[in-house]
Amino acid sequence: MSTRRLQMLRDRMTGLIAAWLPEAAVCRSHPGAVDAAVAAALIGAEPAGTEALVTVIVTGLGPGRMMDDGRHLHAAALAAWIATRHDDAGDRDRAALDLVEAVAGRLPLAAPLADPAGAAENDEPAPGAPHDVAAGLYTPPAADPAICLWRIDWLQEVVLGEAPAELIYPLPTEILAGFAPRIGPDHVADYVLVNGLDDPDAGGGQP
């Protein structure tokens with residue numbers, strides 16, 4: 001799995017979550033592992049006035065199963081660290097819970113990250129619909145009690161890869177046959193149109 005595809009996966013989910021968040025919150029994708037200390041350090045590095053940071057990571061990616069169009073369907077495990085920063089503990093915790101609800105509450109309803117064209121509507125979630133969403137509170141790091149940390153984990157089917165490009169030119173509808181040595185551009189008028197052998201009405205059918 002290329003790093004470009006993993007980045008695409010994180011960025012797609014990051015963009016989706018960012019649309020749910022208030023202006024005071026920032027959502028970013030992160031390429032590596034994140035624990036409580038790293039999550040606290042990440043929000044600590046944000047500019048003053050940033051009250052919350054959501055960090056999206058990929059924690060696991062199962063082997064892909066090839067689809068009919070050449071792309072691969074993967075079972076992915078994703079996570080989002082929610083870090084809020086406020087001097088008042090009550091405001092800090094309320095902001096964290098609001099973000100947990102905004103993210104965890106919408107994930108099961110989120111649009112697929114890759115929606116197979118022409119999928120029939122039914123009661124089953126389409127590939128890409130998140131499931132098994134769980135959220136957990138982490139004790140604020142002692143070094144910075146102004147920070148509250150939650151982590152949301154979920155599983156998701158994702159479609160990665162590119163489908164084969166459509167033909168730029170359509171397949172030919174006619175086949176012309178020439179007889180050597182009268183072949184080539186100078187003998188185009190001598191070529192004979194070959195019709196389907198299984199169609200008697202086409203003039204080239206079997207007797």
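**Exercise 1. Find out what covers the buried residues of helix H1, and work out how those residues sit around the helix.**

Step 1. Start with the cover: it includes strands E1, E2 and E4, along with helix H3 (89-104) and strand E6 (147-160). Keep in mind that you're looking at a predicted model.

Step 2. Now get to know the helix. H1 runs over residues 3-18, so count 16 residues, and its first and last C-alpha are 22 Å apart, close to the 22 Å expected at 1.5 Å a residue.

Step 3. Pick out the buried residues of H1: Leu 9, Arg 10, Met 13, Thr 14 and Ile 17. They share one side of H1, because they span an arc of only 130° around the axis.

Step 4. Does that spacing ring a bell? An α-helix has 3.6 residues a turn, so residues three or four places apart point the same way.

**Exercise 2. Search the whole structure for aromatic pairs and say which kind you find.**

Step 1. The search turns up 1 aromatic pair. Its partners are Trp 81 and Tyr 138, with ring centres 4.7 Å apart.

Step 2. Check the planes: they meet at 55°, so this pair is tilted. The cut-offs behind that are under 30 degrees for stacked and over 60 for edge-to-face.

Step 3. Place the partners in the chain. Trp 81 belongs to strand E4 (residues 72-85) and Tyr 138 to strand E5 (residues 131-138), so the pair links distant parts of the chain, 57 residues apart.

Step 4. Are the two buried or exposed? Trp 81 has a relative accessible area of 2%, so it's buried. Tyr 138, at 33%, counts as partly exposed.

**Exercise 3. Describe the surroundings of Thr 55.**

Step 1. Find Thr 55 in strand E2 (residues 52-61).

Step 2. Its relative accessible area is 4%, and because buried means under 20%, Thr 55 is buried.

Step 3. List what Thr 55 touches, leaving out residues up to four places away in sequence: Arg 28, His 30, Val 34, Leu 42, Ala 79, Ala 80 and Trp 81.

**Exercise 4. Decide where to read the model with care.**

Step 1. Take the overall picture: the chain has a mean pLDDT of 81, and 79% of its residues reach 70 or more.

Step 2. Look at the elements. Strand E1 (residues 25-29) has the highest mean pLDDT, 95, and strand E7 (residues 175-177) the lowest, 82.

Step 3. Now the weak spots. Residues 118-123 have pLDDT below 50 and 0 contacts beyond near neighbours in sequence. Residues 202-207 also stay under 50, with 10 contacts beyond four places in sequence.

Step 4. Where pLDDT is low, don't read the predicted coordinates in detail.

How values were computed. Residues numbered from 1 in each chain as written. Predicted model: local features only at pLDDT ≥ 70, side-chain atom pairs only at ≥ 80, totals over all residues. Heavy atoms only, no water. Phe/Tyr/Trp six-rings, centres within 6.5 Å; stacked < 30°, edge-to-face > 60°. Helix = DSSP H or I, 4+ residues; strand = E, 2+ residues; numbered from the N terminus. Buried < 20%, exposed > 50% of the residue type's maximum accessible area, 1.4 Å probe, protein only. Contact = heavy atoms within 4.5 Å. pLDDT = per-residue confidence, 0-100. Arc of directions from axis to C-beta.
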